[in-house]
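This briefing introduces one part of a protein model to a reader who has not met it before. Please keep the structure in view while reading the points below.

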Amino acid sequence: MKKTMTVSVLLFFAAIFNNTFSQTIVNGIILDSISQNCISDVSIYNEKTADGTSSNKDGRFSILLKKGKHNLLISYLGYQQKSINILVDTNTKQIYLGKIYLSSEQFELNEIGIIADISRERKTPVATSTIKANTIENESGDEPFPQVMKSVPGVYPTRYGGGSGDARISIRGFKQENIALLLNGIPVSSVENGLVYWNNWIGLTEATQTIQVQRGLGASKVALNSVGGTINIITKTTENIKNASIKYSITNYGNSKTTLALSSGKLNNGYVITFLGSKTTGTGYVDATYVDAWAYFLTISKDFGKNHKLVFTGLGAPEKHGQKNLKLSQIEIDKYGNKFNKDWGSYNGEINNLSENFYHKPHFSLNHYWKISDKSFLASSAYLSFGYGGGKWSESYNYAPGIFNYRNPSGQIDWNSIYNLNSQNPNQTILANGDTVSGYSQNIQTNFLANHIWYGFLSSFNHEINENLKLTAGIHTRSFKSHLFEKVTDLLGGDFYVDNFAWAVDGISGREQIKTVGDIINVDNGAFINYIGSFGQLEYNNESISAFIAGTVSNTWFQRQDNYNYIDNNYSKTVTMKGFDMKTGLNYNLNEKHNIYFNTGYFSKAPYFKFVFGNFTNVISKDLKNEKIKAIELGYGFRSKKTSVKINTYYTYCQDKNFLSNEYIQLENNTQTRAIVKGLDALHKGVELEISSNLLAGLQIGGFLSLGNWKWKNNVIAILYDENNIAVDTIEVYANGLFVGDSPQTQIGVSAKYKIFNTIDLSARWIYYDRLYADFDPASRNNKNDNQQSYKLPAYNLMDIHILYSFVSNNRPITLSMSCYNIFDKQYIVRGEDGISHNINDFRGFWSFGRNFNFSIKIGI
């Protein structure tokens, strides 16, 4: 593998020097036709070569063209597309196109502008950061999808364990259940618990056009869990240009990806089709974190006359990959290194990882856009998503030691010992019917499966009351059904497994206790969740002021079915919870350079399903309360031809916050517990800064700063559950005054991008993290005299660099890129859980990857 990477690097630089000086520089400046203001991030696309670039902060761009005829397509969201024909001869070294004016579209007839609630700079009064397609594609490499957002202030994305696609992300100290994830404006966070399983989106990188991170309450009218922020992923729209490309990328640790992209252009029948497909395989950086994944993306659009448009989008990523879910100690890291993974072992020469995930969750949507009149517009979306799969699990009979307790000298699971113990088990047990049996397995492997289907409808009506006032109103409804069950997959040397139904509410009740491969044990339940919400917004705009007031009211119905705990009457009563939110904000442009804004809001958010039925049965939790959030934010912006500055301060107070610890993770031993904590209050406040400047031609530097002060504000009661999800204790959790953990409260970042010879793009990013406290374990916070803060992880910094080179060879556009992550090979802790002593000795967590590389080549075909 090292030899392959060395050859790749040599070929990369050879291609650069061979092609740099044989092209003509074409440049210009993009301006708004009415305001005369420059427009940044405009897409400039060469239809002939499929090469492209974007304008910088002062609207300027440059692109290299070879001899011949070219057609540049210039486009930006909310503006009419412009086409410019250019003839390049061999004697021309540079062509200056001058000022290029774009005209605004009265209506944005696409899914991005209408449904997705995209924030506009100097107009929408929220803190926003936008990441464009070229950055997403060229800097992501083999990193999980959230990692591309690491330069956004207040955002902390990391790998989680080390498996392909496994990641966590926090915004302003809030975890994923308080962050809204939208796909083209449609909520896709888990309906049951608000979590995001990023491994379901392997391959989404190449299909993404834009990521917009709206910190705080955000602009979306359907993102009810956007307490920390909203991540709006906008996929690529249908491209009116016919093109195709193939891309291959490889890492220095063996993971590789092949991607095919096809676009039909506008066909004779008016349809436009875009397809992307990819295949990812490899052994992984961390031991036994292999990956085998496919990904697909398809979008089809057609205009029906001048007033109607249909857009179909479908995407998915069937995958299987090894995981690392057990946190490590400092002693284990010192002994085995940061690639060590104790979730697996070898049997008969093959890897058997007890933490393996396999899932396929396709998502389909059909959007209809209707220009009713010059003042009225209706955008509607019907969507469907279903999933099948789960992860490897294990069970032990009658308090026998768990699989994780069997270790060989190298620290891995000792599968040989487990097989021998099961096959030679001398014990007998008496079944409920009086039979005495022997030869049963004390430890078995299972699959914990989670199937679901959800579908919904979202419709937004937009009406211009006059030239200043705009009214938006709409509805959002969805239905969700899930089925969770555990299935025996391997008896590990025994003849059968005995299910004694010890924790089932109705007990054995005459059911079969002898279980073999394919039988369901322990878990067999499902959720039914129905939601309907209506929203409205009144927006005012003139040359200087943009203001809005918005509100949403909703109703959610919860019901649970349990076939394991109950023989009869296995459906719970239906629980109804109402919710609402109110938001308002104003942006004031003092002049063409300076603007100020504020926003404030109040949320009353219904609890997630897991808290409605908080004891893992059909019994409804007592004293259910909505989570209540109050927030206010103030911001200032400065923009000149070369420099952009954005600074804001925020204050968010949460009441009656709930959380479940160790969710969907196997407990390593019977001393560990899960905890449901209800009624926590927290105060999150802080300051954020973003700076970007074009100091010299081709050189752009930037920086960001985030300083937070996030603390828990009260003590609460928690219920502790064992590995069988049985309540074993109720304790008081003394959390008042503790810092909120799992996200750094100090972040500092510096970045630079430099274009050499107008052909080579160099970029580097350095980020420093500090005041990162470990997540506290509720079970270890039951001593009222213990007011010590959770373990403070050592501060760390890391640096990534990226090199991109684009050229044309034999009339085919070619792009070479190389990325180096953690270039100084730092070893640091990214996340973890505090211990009872609040120091490194009993801390358990995840350490970073070392220095690693990704090389890719993309060829137009």
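**A strand within a sheet**

Strand β13 is largely enclosed by the rest of the structure, because seven of its eight residues are buried. The model is a predicted one, and the points below start from the sheet that holds this strand before turning to a helix and a surface patch.

**The sheet and its order**

- The sheet is open and has five strands, which follow one another in the order β8-β13-β14-β11-β12 with mixed pairing.
- Its edge strands are β8, covering residues 127–132, and β12, covering residues 186–187, and each of these pairs on one side only.

**The partners of β13**

- Strand β13, which spans residues 208–215, pairs with strand β14, residues 229–235, in the antiparallel sense, and seven bridges link the two.
- Strand β13 also runs antiparallel to β8, to which it is joined by six bridges.
- Q212 can serve as a landmark in β13, since T130 stands opposite this residue, while N232 in β14 also stands opposite Q212.
- As a general point, side chains in a regular strand alternate between the two faces of the sheet.

**The helix on the sheet**

- Helix α3 packs on the sheet, where it touches both β8 and β13, and its direction makes about 65° with that of β8.
- This helix consists of residues 133–140 and is mostly covered, with six of its eight residues buried.
- The buried residues of α3 are T135, I136, E137, N138, E139 and S140.
- Just after α3 comes G141, which takes a positive phi of about 55°.

**A nonpolar patch on the surface**

- Elsewhere in the model, I246, L260, L262, F275 and I861 make a nonpolar surface patch of about 380 Å².
- One of these residues, I246, lies in strand β15, which runs over residues 242–251.
- I246 has a relative accessible area of 37%, so it counts as partly exposed, a class that lies between the limits of under 20% for buried and over 50% for exposed.

Methods. Residues numbered from 1 in each chain as written. Predicted model: local features only at pLDDT ≥ 70, side-chain atom pairs only at ≥ 80, totals over all residues. Heavy atoms only, no water. Buried < 20%, exposed > 50% of the residue type's maximum accessible area, 1.4 Å probe, protein only. Helix = DSSP H or I, 4+ residues; strand = E, 2+ residues; numbered from the N terminus. Pairing = 2+ DSSP bridges. Contact = heavy atoms within 4.5 Å. Axes fitted to C-alpha atoms, helices over the stretch in contact; angles between N-to-C directions. Patch = residues over 30% accessible without salt bridge, like charges linked within 9 Å, V, L, I, M, F, W, Y side chains within 5 Å. Areas by Shrake-Rupley, 256 points an atom, 1.4 Å probe, with all protein chains shown as cover. Salt bridge = Lys/Arg side-chain N within 4 Å of Asp/Glu carboxyl O.
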